[in-house]
Amino acid sequence: MSTATQRSVGTAHTRVEGRDKVTGTARYAGEIPFAELAHGWLVLSTVARGRIRAVDTEPVLAMPGVLTVLHHHNAPRVDSDYVGLLGARPDPTVALFQNDRVAHMGWPVALVVAETSEQAREAAEALVVSYDEEPHDVAFSAERQTEAYQVDAHLPGVVEKGDLEARLASSAVVVDAEYTTPEEYHNPMEPHAATALWEGGRLEVVDSNQGTIWVAGELANLFSLDPASVRVRSEHVGGGFGSKGVRAHQVAAVMAATVLQRPVRVVMTRRQMFSLAGYRSPTAQRVRLGADADGRLRALEHQSLNMTSSVHEFVEPSAAASRVLYDADAHHTASRIVRLDVPTPTWMRAPGEAPGSFALESALDELAERCGIDPIELRVRNEPERGPVSGLPFSSRNLIACFREGARRFGWADRDPRPGVRRDGRWLLGTGTAAASFPSGAMPSTAAVTAEADGAFTVGVNAADIGTGARTALTLVAADALGVPADRVRVRLGDSDLGPAMIAGGSMGTRSWAWAVTAAAEELRQSLAPGADIPPEGITVRSNTAEAIGALAQKERHSFGAQFAEVAVDPATGEVRVRRMLGIFAAGRIVNPLTARNQLVGGMIWGISMALHEEAVRDQATGGLYGADLAGYHVAAHADIPHVEADWVDDPDPDDPVGIKGIGEIGIVGAAAAVANAVWHATGVRHRNLPIRPDRVLMAGGDA
């Protein structure tokens, strides 16, 4: 191998699979051909709670092309009594057709399988299912606190230190405010799709997911299979955002393939995704801050409530956002849940931090106003030296550097702090800012690197590229570790046969995979003598980072950022327009500036959408959603998005072999708060309930 004179990591690089995607060569889960492929169509409940009284299959089975109808009387049995990812038990929704219970509107009650997708859909829509309906309850509000309880999930539900009430009582300035965020949905461009087939006694699933090893493990558990007899592949994924784990469509496809002994594909419709693919729970949050007259915090309380289903516990850990950013003598945080007759929420981009930062950073802005202190200066005064709750040192913390650089580039020094004084014709103008943080972790992973006889190198790592550019990033990482140009590296991913690796989630994917790739590549490089002959089968080295990651010293590891927004508000119509937005981030070493900037800007745009547009509304009478599609669920469109700029400060993680942290989620954190704080600066009115709709702006005679 020759020594590369120019490093690949840190240089802008177009996607290695870009040509395949723009020419249609890249294949997604719902379009890969199979011989004798049958098509399944899920039938969902039309009641929110009750029991299935009857499934009238006879007329449907007589329809053209229909092969079978699976339901709770004839479906294969599954075992859902196991512990899966992150120590959690599976959501009973994936244990399809096991009994006659209906736990929410849109609960899977049957699968119709036919020769074509059109035949399956027609038959599914004709299937008559009768129910014994029971009263349901889907009304979420802050008043449900009396029924709420804490759950220690991947984070402790409640963390407390100090005498909160005493510190609040002795504080010169107190903020006590309640904030709400609505039910929100992922809506990746590519719908959830899976094809299952049995090949030589082995179950094969071609899927769109965020981790093939995750899906393979869950399916092996559900169907009581030897893990080695399950293979899951995912060539290309058109977005995930937390929703593409184990869902009903994969389980249904496996059931039907087992019964029919032929390949079966199940694809969710957009409307079905609103019932079966998870969502972000609405939150009701209360933040109490107590500070000295100079703005130094003495008390911080952040309480958050979210809803979960009646059959499964899921916590949206919004209060956890306060455990990292600011310290106080008394520091109390709690995330609690209340059970309702709704689908189970799930991970959605920046779970906890996205809604939690809206409440926390809005409250900080209110505190700055009451103290008469610039919002950035307030944050500088409350910058902790160690983890506010853990007491651990930070691996690196460059939040203030983000604020200083962002303030310089945004023109913050020219800002008149008084609200409601800037105008542009009929528009009121305002600017706002907010801090962002998101955990930066790494999980054990394996990788294999092969020196090929033709002089190229093949990297095999079970990563999932969900549109983030993981293939390209890992190509650059491997090239540097091997000391060769990037065009001599080929990356294989998205196949459970490649071995265990971290899923694409929690902003931990690239860091975890790159660590394993670096370890294997460096060992291979050291073992190859210059000019050595490579046998036809190549020379392969395999790595496992479990020991190295397990040996890491305990530290607070996070990416940080500062969000800035300028808005224009029309007081006559209530319209709010974001005119410009800037995010400056400290997110470790940036592997590929081109795709990294896209990730950060995408998160910021989602934050604008969260602040002004997104809101799923549940019908109390039926228990379902109004307008469960992209016509009724409003997301930001091109016309809503102004100039959005993302950049970063130098911030390599000293404990990571490449210096990586994570960027997948940090872009959305704090974005909605920056917009809301800018709306206050424009109008003098606080909006504590998202989204900031025109009617709320018009109705807000005082605080909203």
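# A walk through the predicted model

F241 sits in the loop that runs between β12 (230-233) and α6 (248-260). This is a predicted model, and F241 is a good place to begin looking around it. Its phi is near 60 degrees, a positive value in a residue that is not glycine. With a relative accessible area of 30%, F241 is partly exposed.

A second residue invites the same kind of look. S507 is not a glycine either, and its phi is also positive, at about 55 degrees. You will find S507 in the loop between β21 (489-492) and α13 (509-527). Its relative accessible area is 11%, so S507 falls under the 20% limit and is buried. One more backbone feature belongs here: the peptide bond from L690 to P691 is cis, with omega near -5 degrees. P691 is in the loop between α16 (671-683) and α17 (694-699).

Let us turn to the strands. Strands of a sheet pair through backbone hydrogen bonds, in either a parallel or an antiparallel sense. One open sheet has three strands in the order β4-β2-β6, with antiparallel pairing. The edges are taken by β4 (101-102) and β6 (128-133); each has a single partner strand, so one side of each has no neighbour in the sheet. Strand β2 (residues 50-56) pairs with β4 over two bridges, in the antiparallel sense. To find this pairing on screen, look for R51, whose bridge partner in β4 is R101.

Elsewhere, β9 and strand β14 (residues 283-291) are joined by nine bridges, again in the antiparallel sense. Here A177 has V287 of β14 as its bridge partner. The side chains of β9 alternate along the strand: V173, V175, A177, Y179 and T181 point to one face and are buried, whereas V174, D176, E178 and T180 point to the other face and are not buried.

Y179 leads us on to the aromatic rings. A pair of aromatic rings is described by how far apart the centres are and by the angle between the planes. The count for this model comes to 11 aromatic pairs. In one of them, the ring centres of Y179 and F358 are 5.9 Å apart and the planes stand at 85 degrees, which is over 60, so the pair is edge-to-face. Because Y179 lies in strand β9 (residues 173-181) and F358 in helix α9 (residues 353-371), the pair ties together parts that are 179 residues apart in sequence. Are these two rings buried or exposed? Y179 has a relative accessibility of 1% and counts as buried, and F358, at 0%, counts as buried too.

Another of the pairs is made by F410 and F564. Their ring centres are 5.4 Å apart with the planes at 35 degrees, so this pair is tilted. It also links distant parts of the chain, with F410 in helix α11 (residues 399-410) and F564 in strand β23 (residues 558-569), 154 residues apart. Both F410 and F564 are buried. F410 has a charged companion as well: R580 lies over the face of its ring, 3.8 Å from the ring centre. A similar arrangement is found at F394, where the charged end of R397 sits over the ring at 4.8 Å from its centre. Ring pairs also join Y185, F274, Y279 and Y633 into a cluster.

Finally, consider the spaces in the model. The second largest pocket has a volume of about 750 Å³. It is lined by 30 residues, and A88, R89, P90, D91 and H312 are the ones that lie nearest its centre. Sorted by class, that lining has 16 nonpolar, nine polar and five charged residues.

As for enclosed spaces, the count comes to five cavities of 30 Å³ or more. The largest cavity has a volume of about 80 Å³. Which residues line the largest cavity? Its lining includes D91, T93, V94, H104, V246 and R247, and A248, S275, L276, G278, P343 and T344 also belong to it. By class, this lining has five nonpolar, five polar and two charged residues. D91 is a useful landmark for your tour, as it lines the largest cavity and is also among the residues nearest the centre of the second largest pocket.

Technical notes: Residues numbered from 1 in each chain as written. Predicted model: local features only at pLDDT ≥ 70, side-chain atom pairs only at ≥ 80, totals over all residues. Heavy atoms only, no water. Phe/Tyr/Trp six-rings, centres within 6.5 Å; stacked < 30°, edge-to-face > 60°. Helix = DSSP H or I, 4+ residues; strand = E, 2+ residues; numbered from the N terminus. Buried < 20%, exposed > 50% of the residue type's maximum accessible area, 1.4 Å probe, protein only. Lys NZ or Arg CZ within 6 Å of the ring centre and 35° of its normal. Pairing = 2+ DSSP bridges. 1 Å grid on protein atoms, 1.4 Å probe; cavity = no way out; pocket = protein on both sides within 12 Å on 5 of 7 lines; lining within 4 Å. Points joined across faces, edges and corners; volume = space filled by probe spheres on them. Nonpolar A, V, L, I, M, F, W, Y, C, P; charged D, E, K, R; others polar.
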